[in-house]
Amino acid sequence: MAMPGTGCFVAIHDLLLGREADYENWHTHEHMVERLAIPGFLRGLRYRSLTDAPRLCTIYQVESLATLTSAAYLERLNNPTPWTTQSVPLAAGMQKTFCTVVSSHGHGVGGYLGVAQLAPNLGEDKRLSGWLSGDILPKLSSQAGLCGAHHLIGDRAASQTKAKERELRDEPATVADWIVLIEGYDRPSVQNALSTLGGPKGFAANGGNERHVCSLYNLDFALEEREAKAIWEKPEKHS
């Protein structure tokens, strides 16, 4: 769907073998609720890989990039709950990118998500961004089987802000340069859109580096701001 704000947080990672259920239980019943209760967080979405890509892709749609460096967010990062302290180390190969939403097209939330990680060639930022935001993504978002297409640019400095919760991981998270998200209700249509973007007339023909990565996910869990705040404000949820 068209994103409700101008900021977006995309995390892509695997999980320790045998601990997948533990992580997803925490992520569903505490972590995403906690995040969506922070001012400026609007929607949380977790997706599960349908290919050999990292198992999970989690997206938080936020009011702006500044939400992800705000005092309220940093307060939570620097005061992890006991369950968070136990669960964060279960994630492996973390890529965590704080993004500015350059353009967002479509409506609704698709059950399938195509994720393309890419970067422009030197001096080709404007050409690639113009092709994505002014041409191909608006067209894709209105095609049969699809419902949304989004162009995000990562902010490396914001993504690497130091905090206690991030120190719980064995290795620092990597950061993506640009991310393109394609949403749809039909799996083959999302796969075809990724093939179009990654094909000979796609990224590489419009200023993008040839070393892009495309992955396919389906929706696992979603939560809205209003519901999360109602849950988090219950006394028994506070740690």
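## Exercises on a predicted fold

Glu 225 and Lys 229 sit 4 residues apart in helix α7, so about one helical turn separates them. Helices (DSSP runs of H or I, at least four residues) and strands (runs of E, at least two) are numbered from the N terminus. This is a predicted model, in which local features need pLDDT of at least 70 and side-chain atom pairs count only at pLDDT 80 or more, while totals for chains, interfaces and linings use all residues. Residues are numbered from 1 along each chain as its sequence is written, and side-chain values use heavy atoms, with hydrogens and water left out.

### Exercise 1: a pair within one helix

Find how Glu 225 and Lys 229 interact, and decide whether Lys 229 is buried or partly exposed.

*Step 1.* Check the closest N and O atoms: they are 2.9 Å apart, and the two residues form a salt bridge. That term means a side-chain nitrogen of Lys or Arg within 4 Å of a carboxyl oxygen of Asp or Glu.

*Step 2.* Look at accessibility. Lys 229 has a relative accessible area of 25% and is partly exposed; Glu 225, at 25%, also counts as partly exposed. (Buried is under 20% relative accessible area, exposed is over 50%, and partly exposed is in between, with a 1.4 Å probe and protein chains only.)

### Exercise 2: a pair between two helices

Work out which helices the pair of Arg 76 and Glu 34 links.

*Step 1.* Start with the contact: their side chains meet in a salt bridge, 2.6 Å from N to O.

*Step 2.* Place the partners. Arg 76 is in helix α2 and Glu 34 in helix α1, 42 residues apart, linking distant parts of the chain.

*Step 3.* Add the surroundings. Arg 76 is buried at 17%, and Glu 34 is buried at 2%. In total, the structure holds 14 salt bridges.

### Exercise 3: following Tyr 73

Describe how the rings of Tyr 73 and Phe 98 are arranged, then find the role of Tyr 73 in the largest nonpolar core.

*Step 1.* Count the pairs: the whole structure has 7 aromatic pairs. (Rings of Phe, Tyr and Trp, taking its six-membered ring, pair if their centres lie within 6.5 Å; planes under 30 degrees apart are stacked, over 60 edge-to-face, the rest tilted.)

*Step 2.* Apply this to our pair. The ring centres of Tyr 73 and Phe 98 are 6.2 Å apart and the planes meet at 55°, so the pair is tilted.

*Step 3.* Widen the view: ring pairs join Phe 9, Phe 41, Tyr 60, Tyr 73 and Phe 98 into a cluster.

*Step 4.* Turn to the core, which has 29 residues; Phe 41, Leu 68 and Tyr 73 touch the most other members. (A nonpolar core is a set of buried Ala, Val, Leu, Ile, Met, Phe, Trp, Tyr and Cys residues joined through side-chain atoms within 4.5 Å.) Its largest share, 5 residues, comes from α1.

*Step 5.* Confirm the burial: Tyr 73 has a relative accessible area of 1%, and Phe 98 has 0%.

### Exercise 4: two cysteines

Find why Cys 214 and Cys 57 are not bonded.

*Step 1.* Recall that a disulfide is a pair of cysteine sulfur atoms within 2.5 Å. The structure holds 0 disulfides.

*Step 2.* Compare the distance. The sulfur of Cys 214 is 13 Å from the closest cysteine sulfur, that of Cys 57, which is too far for a bond.

*Step 3.* Finish with accessibility: Cys 214 is partly exposed at 34%, whereas Cys 57 is buried at 0%.
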